[in-house]
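Biologist: I've got the model open and I keep tripping over the labels. Can you walk me through what earns each one?

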Amino acid sequence: MRKILFIINRKAGTDREKRLEGIIRRYLTPKAFSVEITHLEYLGHGTDLAKAAVANGTDTVVAVGGDGSINEIAQGLVGSDTALAIIPLGSGNGLARALKIPLKVSRALEVIADGRRQAIDVGYANEYLFLSNAGVGFDALVADQFRHKTKRGLWGYAKLVIKSFNSYKGPSYEIDVDGKSLQERAFLLTVANGNQFGYEFKLAPTANVFDGKLDLCVVPPIKFLGLIPIGLYSLLGNIDKTRYMQHYTGETIVVKSKELQHLQVDGDAVPLKEDGKVAFRIHPAALQVIVNRT
């Protein structure tokens, strides 16, 4: 019998939780699955629950929430035989989209019941794990401001972008990609593991969580109207073929700048322990994930 633990982010809402639990038990019947359902109670709880699940021999831990909760839960599963599965209930759902996990709960449960596993790469930005992407540019600044907002979603994020844009100049960075040195000014400096940044935006269209590489995306300083083509080409999935972005790949990427103050991992702002420097590295095939067959 397959042992599955569901960890639900309480931001889903109480009524929604009750409906979710009913749907889960309908799709994963007691004859074939031993199902336990629990909830996140505090920051870091997902990691603690995941580590306990590994120790208990749990086959699959299901993260029910957005990219932030998925990241937290994955931290407790890296390097283990316990697989991560996803029911995407976040705003952007970057990792779920990259893995082609259905956004509809019932269909995501079908994928979990099917149980097909594949090991994906994980990235680290200094000591912080990321599954989709991490960045030090304008996206990191906005992520730092976004964490103080009670209202989430694409429109809230867009308002912060508009508000913060004019005061952001785009620092000059020293970059090392597997020993190759670069010097670039950048509006966005993002390192991607997967191709999705959420909401179907693909800043790194060719990035792949199975290829053992990180993709460095450098968007030079732009004027405000430049956001329109960047957004459009990201949605179309061909920004890497335009003048709006420079693209590099590597296993280790070190970024330095006197103006480097912010870091985001999977869309969440995290503190910088060492000002002015972030080292990104890839750990190939480090996390077992339940993936879609199609």
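Biologist: How do you know that strand S5 and strand S16 pair, and which way do they run?

Modeller: First off, this is a predicted model. Pairing needs at least two bridges between the strands, and eight bridges join S5 (residues 117-125) to S16 (residues 277-290). So eight against a cut-off of two makes them a pair, and they run antiparallel. For a spot to click on, Tyr-124 stands opposite Arg-281 in S16.

Biologist: And what makes S13 a partner of S16?

Modeller: Again the bridges: five of them join S13 (residues 252-256) to S16, antiparallel. Val-254 stands opposite Ala-279 there.

Biologist: Why is Lys-202 called buried?

Modeller: Its relative accessible area is 18%, and buried means under 20%, so Lys-202 gets the label. Lys-202 sits in the loop between strand S10 (188-192) and strand S11 (214-219). Beyond its neighbours up to four places away in sequence, Lys-202 touches Asn-195, Gln-196, Ser-234, Leu-235, Gly-237 and Ile-239.

Biologist: What makes Ile-228 buried or exposed?

Modeller: Exposed takes over 50%, and Ile-228 comes in at 58% relative accessibility, so it counts as exposed. Ile-228 is in helix H8 (residues 227-236). Together with Ile-162, Phe-224 and Leu-225, Ile-228 forms a nonpolar surface patch with about 420 Å² of accessible area.

Biologist: Why is Val-54 called partly exposed?

Modeller: Val-54 has 29% relative accessibility. Buried stops under 20% and exposed starts over 50%, so 29% lands in between and Val-54 is partly exposed. Val-54 belongs to helix H2 (residues 45-55).

Biologist: How do you know that Val-54 meets residues farther along the chain?

Modeller: Contact means heavy atoms within 4.5 Å. Leaving aside neighbours within four places in sequence, Val-54 is in contact with Gly-76, Leu-77, Ser-80 and Thr-82. The C-alpha atoms of Val-54 and Leu-77 are separated by 7.0 Å, though the two are 23 residues apart along the chain.

Biologist: Which residues touch the most other members of the largest nonpolar core?

Modeller: Out of 49 residues, those are Phe-6, Leu-28, Leu-84, Ile-87, Leu-99, Ile-112 and Leu-287. Apart from that core lies another, of 46 residues, including Val-161 and Met-245. As for Ile-112, it is among the buried residues of helix H5 (residues 105-114). Just after H5, Gly-115 takes a positive phi of about 75 degrees.

Terms used:
Residues are numbered from 1 along each chain as its sequence is written. This is a predicted model: local features need pLDDT of at least 70, side-chain atom pairs count only at pLDDT 80 or more; totals for chains, interfaces and linings use all residues. Side-chain values use heavy atoms; hydrogens and water are left out. Buried means under 20% relative accessible area, exposed over 50%, partly exposed in between (1.4 Å probe, protein chains only). Helices (H or I, at least four residues) and strands (E, at least two) are DSSP runs, numbered from the N terminus. Patches are made of residues with over 30% relative accessible area and no salt bridge: like charges are joined within 9 Å, nonpolar side chains (Val, Leu, Ile, Met, Phe, Trp, Tyr) within 5 Å. Accessible areas come from the Shrake-Rupley method with a 1.4 Å probe; for residues, only the protein chains shown count as cover. A salt bridge is a side-chain nitrogen of Lys or Arg within 4 Å of a carboxyl oxygen of Asp or Glu. A nonpolar core is a set of buried Ala, Val, Leu, Ile, Met, Phe, Trp, Tyr and Cys residues joined through side-chain atoms within 4.5 Å.
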